[in-house]
Amino acid sequence: MTVRRIVPDIHTDSEESMSASRDFYGLLGLEEVMNLGWVMTLASPANPTAQLIFVTEDRTAPVVPDLSVEVEDVDAVYAQVVAAGAEVVRELRDEEWGVRRFFVRDPNGRMVNVLTHRRQD
């Protein structure tokens, strides 16, 4: 299994908090690379895998994740997680913004968003 990146997901109360976070982390060199209103990703221009995600809510899932793990083959990872008996909180599915993902609870109770970016043909 290949892990492409691991990103902390920071739950924030509002779009105003996200804006303040964008300004603050901009001071540290991060730039906005994605913003859907309820979820925003900041990344380092010099190292695009160095990222932070800010989420007010997850519009397609029952909970806000604590971290995201991007893998090369999310379907294979999903099969391994299910076979191991881990608690899947949200089933594997495609999202309209170009990712395929599922949520699983880790042994510490943290919610993990496991995803792969789908190829855009």
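Which residues does Val-77 touch, not counting residues up to four places away in sequence? In this predicted model, the list is Met-1, Val-71, Phe-102 and Val-114. The close-ups below start from that spot.

**Close-up A. Val-77 and the largest nonpolar core.** Val-77 belongs to the largest nonpolar core, a set of 11 residues. Its fellow members include Val-69, Val-71, Val-74, Tyr-78, Val-81 and Leu-92, and Phe-102, Val-104, Val-112 and Val-114 complete the set. Four elements each give two or more residues here: strand S5, helix H2 (74-84), strand S7 and strand S8. H2 is the top contributor to this core, with 4 residues. Another core, of 6 residues, lies apart from this one, and Met-18, Leu-30, Leu-42 and Leu-52 are among its members.

**Close-up B. Strand S8 and its two partners.** S8 spans residues 111-117 and is mostly covered, with 6 of its 7 residues buried. Strand S5 (residues 67-71) pairs with S8 in the parallel sense, over 4 bridges; look for Val-69 standing opposite Val-114. Strand S7 (residues 99-105) runs antiparallel to S8, and 7 bridges join the two. Here Phe-103 has Asn-113 of S8 as its bridge partner.

**Close-up C. The S7-S8 hairpin turn.** S7 and S8 make a hairpin, with 5 residues between the two strands. Zoom in on Gly-109 in the turn and you'll find a positive phi of about 90 degrees.

**Close-up D. Val-104 and its surroundings.** Val-104 sits in strand S7. Is this residue buried or exposed? Val-104 has a relative accessible area of 9%, so it counts as buried, the cut-off being under 20%. Not counting residues up to four places away in sequence, Val-104 touches Val-81, Ala-86, Glu-87, Val-88 and Val-89, among others. Also on its contact list are Arg-110, Met-111, Val-112 and Val-114. Take Val-81: that residue is 23 residues from Val-104 along the chain, yet their C-alpha atoms are separated by 8.1 Å.

**Close-up E. Strand S1 between pairings.** Follow S1 (3-11) and you'll meet two sets of bridges. S1 and S5 run antiparallel and are joined by 5 bridges, with Pro-8 opposite Leu-67 in S5. S1 also pairs with S4, this time in the parallel sense over 3 bridges. One pair to pick out there is Ile-10 with its bridge partner Phe-54 in S4.

**Close-up F. The largest pocket.** How much space lies in the largest pocket? The volume comes to about 340 Å³. The lining is made up of 20 residues, and those closest to the pocket's centre are Met-34, Val-39, Thr-41, Ile-53 and Trp-97. By class, the lining has 10 nonpolar, 6 polar and 4 charged residues. Strands S1 (3-11), S2 (31-35), S3 (39-43), S4 (51-55), S7 and S8 each supply at least two of the lining residues.

**Close-up G. Glu-72 in its loop.** Glu-72 is found in the loop between S5 and H2. Its relative accessibility is 44%, so Glu-72 counts as partly exposed. Leaving aside neighbours within four places in sequence, Glu-72 is in contact with Thr-2, Arg-4 and Thr-116. Ser-14, by comparison, is 58 residues from Glu-72 in sequence and 32 Å away in space, C-alpha to C-alpha.

Methods
Residues are numbered from 1 along each chain as its sequence is written. This is a predicted model: local features need pLDDT of at least 70, side-chain atom pairs count only at pLDDT 80 or more; totals for chains, interfaces and linings use all residues. Side-chain values use heavy atoms; hydrogens and water are left out. Buried means under 20% relative accessible area, exposed over 50%, partly exposed in between (1.4 Å probe, protein chains only). Two strands pair if DSSP finds at least two bridges between them. A nonpolar core is a set of buried Ala, Val, Leu, Ile, Met, Phe, Trp, Tyr and Cys residues joined through side-chain atoms within 4.5 Å. Contact means heavy atoms within 4.5 Å. On a 1 Å grid over the protein atoms alone, a cavity is a set of points where a 1.4 Å probe fits but cannot get out, and a pocket is an open set with protein on both sides within 12 Å along at least five of seven lines; lining residues have an atom within 4 Å of a point. Grid points are joined across faces, edges and corners, and a volume is the space filled by probe spheres set on the points. Ala, Val, Leu, Ile, Met, Phe, Trp, Tyr, Cys and Pro count as nonpolar, Asp, Glu, Lys and Arg as charged, and the others, Gly among them, as polar.
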